[in-house]
Amino acid sequence: MINSHQALSDTVISNGYCVGCGACAVPEQSPFKILMDSYGQYRAHMDDSPVFGRTDSSYEELCPFSSSAPNEDDIAKQYYAETCEHHPQAGYYKGVYVGHVAEDEFRTRGSSGGMGTWVLHELLDKKRVDYVIHVRSETADKDLNNIPFKYQVSRTLDEVRLGGKSRYYPIELSQVLKTVRDQPGRYAVVGVPCFIKSVRLLQAQDPILAERIKYCVGLVCGHLKSAHYAESLAWQMGIPPSELEAIDFRIKDPSQPANRYSTYAKGPSGEKVVPTNNLFGADWGAGTFKYKACDFCDDVFAETADVVLGDAWLPEYVQDSDGTNVVITRNSDIQLLIENARNDGRLALDDLSIEKAVQSQDAGLRHRKISIGYRLHCEKEANAWVPTKRTKPSRTLNPRHEMKRQRLRTELRDLSHKSFLVAKKTGDLSVYTTAMTPVYNRYLIQKRSFLRRTYFLVKKTLKAMIGR
Ligand SMILES: Cc1cc2nc3c(=O)[nH]c(=O)nc-3n(C[C@H](O)[C@H](O)[C@H](O)COP(=O)(O)OP(=O)(O)OC[C@H]3O[C@@H](n4cnc5c(N)ncnc54)[C@H](O)[C@@H]3O)c2cc1C
Ligand code: SF4
């Protein structure tokens, strides 16, 4: 019989579905190590040498992309089914809010409304946990935006405050989770949906992690980016990859809506800030530098987390350049902390319907929860192994031209990794932009025709309704 670690290697890892979360490297005597590959993505690598005492039982069951692990519904049900309502797109929910932090500098120093850092800070401040596991610069004492960004364990409120902002940059959990095993205490961890799923799967196998990790704080997620994403933006700003020292992907521009943020980059020659929309490859929908695994994940609202925070991409809120959060709670303690702070005026939050919260992530949900069926079908057609997902493979998509868009996104994803690697090797950024531009132009034409068709469809429907 094939060993569990070998099976994980032969399926998830060999077929490119590893998101580099680090879960498989956490068990003692694990044969897996997490290393950065030539595309700037963290990946699990298996040590082929026979290791005495290696435990084989369950590596597949702790990988978020393995077909042998329970899915997000199975996991979330155990935690939230008794106390929460359920929505097919957002998972379980208790409180649903929109707004921002009103105290201190959380909002100014956050990507959107500052709730991400605030929830962790509040858990520590109110003594619900002893430690916070979050993502911050390894040298945050010198510059908050210095690369690399890493998962780190913080134990003071000041340290927690250093961990604001979304880092569209590869990170992995194995080192910090080993610290949790070695250092007794109560922990809160923040992560994107697949990383929180990994934590839950590890907790199911490791009683120490189950006992010590008290709260999981989720981030709404579109997808993860390789390190080359940061390098590609900075290079366009005149800072080549070898000189990139610091980056902030979410600089708020007071003259623009919240979704028109800028990118800051620093190299030895100085600092630059450029509107992100002016940089090639920053169109989030095109999915450049995306991990392949992200195209095979159907969790947008971190369905296994105790609370999830995202951007309120809704017309009513997007005009406010300071940033606004959408928040869904699932855990009663966190719900109470939020309600108390709202009553004290420390949080400026309004109740939101779950339908509105879902609407705020409309594009991401269509890509992740619906179109995933077609992407699974395409992989199967090519006789490749695919992970079992909650959505079944689907030969077709409605509207039909959506299939072309999916194929173009896949092409852009793969081509960005390959062409940027060559650009770096040759020291010539134009290798990347020249390879990508024709495919991106086809993608834009397809997108515009999709928007035009949608516009006429809505117009026709409204006309029919008014005429009625
Ligand atoms: C890769 C990625 C993709 C995202 N995609 C979407 C999306 O499609 N739609 C949407 O609405 N929101 C998305 N978000 C979330 C959004 O960018 C904000 O992080 C969220 O709105 C919280 O902002 P804030 O101001 O409340 O938090 P902040 O106060 O800025 O705190 C952010 C928290 O997230 C942690 N963090 C930062 N980077 C990472 C990381 N890579 N992995 C784990 N933790 C991290 C920080 O340590 C901090 O605790 C994404 C975030 C990431 C990291
Ligand atoms: S996704 Fe995570 S658990 Fe799965 S193989 Fe990669 S690093 Fe290991």
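Author: A cavity is a set of points, on a 1 Å grid over the protein atoms alone, where a 1.4 Å probe fits but cannot get out. Grid points are joined across faces, edges and corners, and a volume is the space filled by probe spheres set on the points. This is a predicted model, in which local features need pLDDT of at least 70 and side-chain atom pairs pLDDT 80 or more, while totals for chains, interfaces and linings use all residues. Residues are numbered from 1 along each chain as written, ligands are numbered from 1 in written order, and side-chain values use heavy atoms, without hydrogens and water.

Reader: How many cavities of 30 Å³ or more are counted?

Author: The count is 5. The largest has a volume of about 110 Å³. Its lining (residues with an atom within 4 Å of a point) comprises 16 residues, with Cys-18, Cys-21, Cys-24, Ala-44 and Cys-63 closest to the centre.

Reader: Which ligand sits in the largest cavity?

Author: A molecule sits in a cavity if more than half of its atoms lie within 2 Å of its grid points. Ligand 2 does so here. Residues around ligand 2 (a heavy atom within 4 Å) include Ile-13, Val-19, Ile-34 and Pro-64.

Reader: How does the lining of the second largest cavity divide by class?

Author: Ala, Val, Leu, Ile, Met, Phe, Trp, Tyr, Cys and Pro count as nonpolar, Asp, Glu, Lys and Arg as charged, and the others as polar. The second largest cavity, of about 60 Å³, has 4 nonpolar, 5 polar and 5 charged lining residues. For the largest cavity, the division is 14 nonpolar, 2 polar and no charged.

Notes
1 Å grid on protein atoms, 1.4 Å probe; cavity = no way out; pocket = protein on both sides within 12 Å on 5 of 7 lines; lining within 4 Å.
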